[in-house]
Amino acid sequence: MKALPADDPRSFAAQASVHCAYCDGSYSPEGFPGAELQVHNSWLFFPFHRCYLYFFERILGSLIGDPSFAIPFWNWDAPDGMRMPAMYADPSSQLFDPRRDGRHAPPKLIDLDYNGREPRLTDNQQIDHNLRVMYRQMVSLSPTPSLFFGSAYRAGDEPNQGPGPVENIPHGPVHIWCGDPSQPGREDMGNFYSAGNDPLFYAHHANIDRMWSVSKGLDARRHTDLDDPDWLDASFLFYDEDPKLVRIRVRDVLDTGALRYRYQDVPLPWTAARPTVTAAAATRRADSLLTPAAQAAAGAKKAGKFPITLDEAASVAVRRPVAPRRSEAEKASREEVLVIDGIEVGRDVAAKFDVFVNAEDHAAVGSGGRELAGSFVNVPHRHGHGKKGGGIKTTLRLALNEQLEDLKAEDDESVEVTLVPRQGKGKVKVGGVRIELMH
């Protein structure tokens, strides 16, 4: 593939450019000239990347004369897979990319919640941290299809309607963890325009795709595909192995069996890694809002009038839209969702902020602390041809039912939400915070 000329659609250079084209403004949705088509930060994330991997795999199999060839997946969600796979780290291999973070070569353990700083954890602590991150993203924050896949993005909509939890984490932090910090845009993996230049990208996204398949086995009643026609009929154009330009729809890729593959059955230890309430806060009543002294100890200021710039931790009391103590049937039918709205960040900025609920001191919340509700991550989108600047505006939605139960906050009229910038401090704005109900 690397030996083919760049103008051959099957070449590695051309295949790597596919990701750049679909996420850096090269295309417009059909019927909306001038609008930007974006396959990240919405319900298109999972199906687009599945289509991308499908044709990439077919081209590789054709080039080596083996139709049974399958892309390996990097299962960073299990302890044995939490290091960069050795075959990708061998400098003599075609799978090697010199534009990676040299500090993260094997045997370094990956941090699935990476924020640009090296964690000070033992290997056992890092593994436990990663497993709890996986539980939070795949279970706590993914109780319904609409939350798991991300916000609806229909023809004519502005892009970046809102990512699902897996797209945020671990997808984003793995990209940034792999990218080379000595490069201006943390190329290759740390920037969407260049990510496809690293062969590790395809193993990373194979595991992201696997999470879609795995989710259906967690709870077959709740973890289903979306049935919205606008999602099912969304389509993309790719070159196949012939090479011929073909159109493929989301509804065409829902069954991996029809695409001639299934994922190896490997353990899922994170399913038993439910986050725990921080000991210091275990007896705290959530309706007793933080005192000024507690806020100072936590390093969180009271948020003023929104919008705010996240240059330091900020907290705000958010009223719940439901009567205290909902029945199990009510909770099953409608999820309480924390909505962080009007998030604005430069498209070429690596940014991350954490969201805590009822944390007296967010700095004291452990790696698997239940008070951590979730995070927002922006992987830079800077274009490789010098096109930079501009920004995105998006929304973060975090499911709360399970967290409120564990924090014993189901009887409370409001919760205290703390936003803590981790990367890109002072470069992210937030328009507002509220709680709403979603089916």
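How many bridges join strand E7 to E10, and do the two run parallel or antiparallel? Let's start there. This is a predicted model, by the way. Strand E7, residues 351-357, is joined to E10 by 6 bridges, and the two run antiparallel. If you want one pair to look for, take phenylalanine 353: its bridge partner in E10 is proline 421. And there's a helix here too: H5, residues 165-178, packs on the sheet and touches E7, E8 and E10. The direction of H5 makes about 45° with that of E8.

Okay, let's step back to the whole sheet. It's an open one with 5 strands, and the order goes E3-E5-E10-E7-E8, with mixed pairing. At the edges you'll find E3, residues 301-302, and E8, residues 372-378. Each of those has a single partner strand, so one side of each is left without a neighbour in the sheet.

Now let's zoom in on one residue. Threonine 418 sits in strand E10, which covers residues 414-423. Is threonine 418 buried or exposed? Buried, because its relative accessible area is 2%, and buried means under 20%. Who's around it? Leaving aside neighbours within four places in sequence, threonine 418 is in contact with Ala300, Ala313, Ala314, Ser315, Asp354, Val355, Phe356 and His362.

Last stop, leucine 237. You'll find leucine 237 in strand E1, residues 235-239. This leucine is partly exposed, with a relative accessible area of 35%. Together with Tyr239 and Leu245, Leu237 makes a nonpolar surface patch of about 260 Å².

Methods: Residues numbered from 1 in each chain as written. Predicted model: local features only at pLDDT ≥ 70, side-chain atom pairs only at ≥ 80, totals over all residues. Heavy atoms only, no water. Patch = residues over 30% accessible without salt bridge, like charges linked within 9 Å, V, L, I, M, F, W, Y side chains within 5 Å. Areas by Shrake-Rupley, 256 points an atom, 1.4 Å probe, with all protein chains shown as cover. Salt bridge = Lys/Arg side-chain N within 4 Å of Asp/Glu carboxyl O. Helix = DSSP H or I, 4+ residues; strand = E, 2+ residues; numbered from the N terminus. Buried < 20%, exposed > 50% of the residue type's maximum accessible area, 1.4 Å probe, protein only. Contact = heavy atoms within 4.5 Å. Pairing = 2+ DSSP bridges. Axes fitted to C-alpha atoms, helices over the stretch in contact; angles between N-to-C directions.
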